[in-house]
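Welcome! Take a moment to look over the chain below and trace its path from one end to the other.

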Amino acid sequence: MAQNSAEILASINKDQIRTDLPDLVVGNNVKVYQKIVEGKRTRTQMFEGTIIKVQGGGISRTFTVRRLSYGVGVEKTWPVNSPNIEKIEVSRKGKVRRAKLFYIRDRVGKATKVKERI
């Protein structure tokens, strides 16, 4: 029996979706450990910050983490199912009432803090 293309794509994507990562919730502080390949060697680099955006679903789901580095805001976006992500640790759970925290970009210092969920 012939399968349509949507069923074929779903079966391929199902094998590539990662289940070893924690729930990525907007407002949480996370440590993302990323594999960096330099020539023949690989090393792990850690990026710590607040999740300001989670978008998409399934295999194409992405999340964006923001932090301040020497007074400059730095944002990185990763696909959730990327093989370059070694692990993600949730260091602090945030309590927010928005799906996307873009207003944090305009704030400086302690105003960028997100309340902690207890």
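Here is a short tour, from the overall layout to the strand pairs.

Keep in mind that this is a predicted model. The chain holds 1 helix and 5 strands, and reading from the N terminus the order is α-β-β-β-β-β.

**Overall layout**
- Along the principal axes, the C-alpha atoms fit a box of roughly 60 × 40 × 25 Å.
- The chain has 118 residues, and 28% of them count as buried.
- Among contacts with a separation of 6 or more, 51% join residues 24 or more positions apart.

**Surface and charge**
- About 8400 Å² of the chain is exposed, with 50% of that area coming from carbon and sulfur atoms.
- The chain carries 25 positive and 11 negative charges, and the mean positions of these two sets lie 7 Å apart.

**Strands 1 and 2**
- Strand 1 covers residues 29-38 and strand 2 covers residues 41-55; the two run antiparallel, joined by 10 bridges.
- One place to spot the pairing is Glu38, whose bridge partner in strand 2 is Arg41.
- The hairpin of strand 1 and strand 2 has 2 residues between the strands, and Gly39 there takes a positive phi near 65°.

**Strands 2 and 3**
- Strand 2 also pairs with strand 3 (residues 62-69), again in the antiparallel sense, over 5 bridges.
- Find Lys53 and you will see Thr64 of strand 3 opposite.
- This hairpin of strand 2 and strand 3 has 6 residues between the strands, and Gly56 in the turn has a positive phi of about 80°.

Technical notes:
Residues numbered from 1 in each chain as written. Predicted model: local features only at pLDDT ≥ 70, side-chain atom pairs only at ≥ 80, totals over all residues. Heavy atoms only, no water. Helix = DSSP H or I, 4+ residues; strand = E, 2+ residues; numbered from the N terminus. Buried < 20%, exposed > 50% of the residue type's maximum accessible area, 1.4 Å probe, protein only. Contact = heavy atoms within 4.5 Å. Areas by Shrake-Rupley, 256 points an atom, 1.4 Å probe, with all protein chains shown as cover. Lys, Arg positive; Asp, Glu negative; His and termini not counted. Charge placed at Lys NZ, Arg CZ, Asp CG, Glu CD. Pairing = 2+ DSSP bridges.
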